[in-house]
Amino acid sequence: MSIFRNSASAARVGNTPRPEDERLPFAQNLGYGFQHVLTMYGGIIAPPLIIGTAAGLSEAQIGVLIASCLFVGGLATILQTVGIPFFGSQLPLVQGVSFAGVATMISILEGGGSIATVFGSVIAASLIGLLITPIFSRIIRFFPPVVAGTVITTIGLTLMPVAAGWAMGGNSKADDFGSVQNLGLAAVTLLFVLVFSKIGVAAISRLSILLAMIAGTIVAAVTGMADFSKVLEGPAFAFPMPFAFGPPEFQVAAILSMVIVILVTLTETSADIIAVGEIVGTKTDSRRIGDGLRADMISSAISPIFNSFTQSAFAQNVGLVAITGVKSRFVVTAGGGILVILGLLPILGRFVAAIPTPVLGGAGIVLFGTVAASGIRTLSTVKYEGNMNLVVVATALGFGMFPIVAPSIYNQFPGWFVTIFHSGISSSAIMAILLNLLFNHLKIRGNKPTSVMAEASNRRISSALLTDLHDGDYVSDGKLYDAKAREIPCTD
């Protein structure tokens, strides 16, 4: 406790506590924390489900993977939000299994490796990532608003296909995928979000996502679209057994491919830390980013011991912080505690898993859209006159959208390239950083912006002058004339 107390007291700027250090009543912490869990629950159980299926595991074994991922994600979230010396950003960031490594892990399995090979590659690559975090923690000066705003906007935009998939039903092979019923349920949930957000009671407005999910689930149950029959099947309590699938196996090729995933994870987590710092309105310096990245890497290195995978900050929960305005990191700590309990009590996990996917999709529209809107708000503070910032934003956003609008665009490229650039977030971040370095840091004598967009005029005329003009008026040699070429005198 003394360590936590000292780190919290050191987190003050002067005598003013940081916004993220706000302490809410227990009931509010629990409610808001549960809302965070519901927001990311579908995302945290999807990777073990996909990887377990690719590894040929049984349903019971896949259940062990899912419970383990919930358990480890909760512990990683607590470490990230509470923090100890050198580990944890002390920001409201939810941790969980990163999607960035799913494709690489499947490639390892298809290449003859086992689930133990995947775990071994995660351990080794995460330890390598832990060693290189000082490099990433020093890039904060290369993340001015033009870069941070672009990346935040991209995060929101790249998550929209996830919301769309959820709204359509989640399973693209199901007969009812994209059905009117599924989309209708998502629309009803979205309507609940908007109604609860409009209510003038602060507690209800802040819990609008959670209340909308509950209301949407009730509607689904009444209409026969929710199935809770399997909630009581299976054990009620189960502790994740260390190395349940045997000792890890270390293969050089698998480790090297996983290192690329770790680089992507570091890039995305850096962006998430900066994004949530912008939303909360708190300082995120290189030391804080380094602490957050080290928490990511140590959690990823330990997670395979308890049958889980690489850990990363969940971007969708950044949107939840933005839309609710609840900035307290202890709310997310409560969410981490709930995840630990869900990992120990599979019956509760099965209950949450029974929430229909379209309900998550309806709420996700607002959540992910809010992330993009937060990025746009940051970009509105950027100066665009007399520089190339507009080109930086335009190019980085377009580059980040490529893998979203055309998922197969890099199919002919090497695997390492696909791993890095198939993520719209990392693509946008890399491009924004490079272009910012080129146009705003690399100084060439006599170099001036040449882009027609960068050379836009910064002159202004009063709106009163415009009201005095008539059709056909024109300016010639500094004088104003009407449509009949008669000079119009200008008065002070």
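**Exercise 1.** In this predicted model, state which sign of phi Gly 281 takes, positive or negative, and where the residue lies relative to H10.

Solution. Gly 281 follows directly after H10. Its phi is positive, at about 85°.

**Exercise 2.** Compare the span of helix H10 with the expected one, and decide whether the helix is largely enclosed or not.

Solution. Step one: H10 covers residues 252-280, which makes 29 residues. Step two: from first C-alpha to last, H10 reaches 41 Å, and this is close to the 42 Å expected at 1.5 Å a residue. Step three: buried means under 20% relative accessible area, and 23 of the 29 residues of H10 are buried, so the rest of the structure largely encloses this helix.

**Exercise 3.** Describe how H10 and H11 pack: angle, handedness and residues in contact.

Solution. Step one: the axes of H10 and H11 (residues 286-302) come within 10 Å and cross at roughly 135°. Step two: angles over 145 degrees count as roughly antiparallel and 65 to 115 as roughly perpendicular; H10 and H11 are therefore oblique to each other. Step three: the crossing is right-handed. Step four: H10 contributes Ile 262, Thr 265, Leu 266, Thr 269, Ser 270, Ile 273 and Ile 274 to the contact, and H11 contributes Ile 289, Gly 292, Leu 293, Asp 296 and Met 297. Step five: by class, seven of these residues are nonpolar, four polar and one charged.

**Exercise 4.** Place Thr 189 and determine whether it is buried or exposed.

Solution. Thr 189 belongs to helix H7 (residues 180-198). Its relative accessible area is 0%, so Thr 189 is buried. Beyond neighbours within four places in sequence, Thr 189 is in contact with Ala 212, Gly 216, Val 359, Gly 362 and Ala 363.

How values were computed
Residues are numbered from 1 along each chain as its sequence is written. This is a predicted model: local features need pLDDT of at least 70, side-chain atom pairs count only at pLDDT 80 or more; totals for chains, interfaces and linings use all residues. Side-chain values use heavy atoms; hydrogens and water are left out. Helices (H or I, at least four residues) and strands (E, at least two) are DSSP runs, numbered from the N terminus. Buried means under 20% relative accessible area, exposed over 50%, partly exposed in between (1.4 Å probe, protein chains only). Contact means heavy atoms within 4.5 Å. The expected span of a helix is 1.5 Å times one less than its number of residues. Axes are lines fitted to C-alpha atoms, for helices over the stretch in contact, and angles run from 0 to 180 degrees between N-to-C directions. Angles under 35 degrees count as roughly parallel, over 145 as roughly antiparallel, 65 to 115 as roughly perpendicular and the rest as oblique. A crossing is left-handed if the near helix is turned anticlockwise from the far one by less than a right angle, and right-handed if clockwise. Ala, Val, Leu, Ile, Met, Phe, Trp, Tyr, Cys and Pro count as nonpolar, Asp, Glu, Lys and Arg as charged, and the others, Gly among them, as polar.
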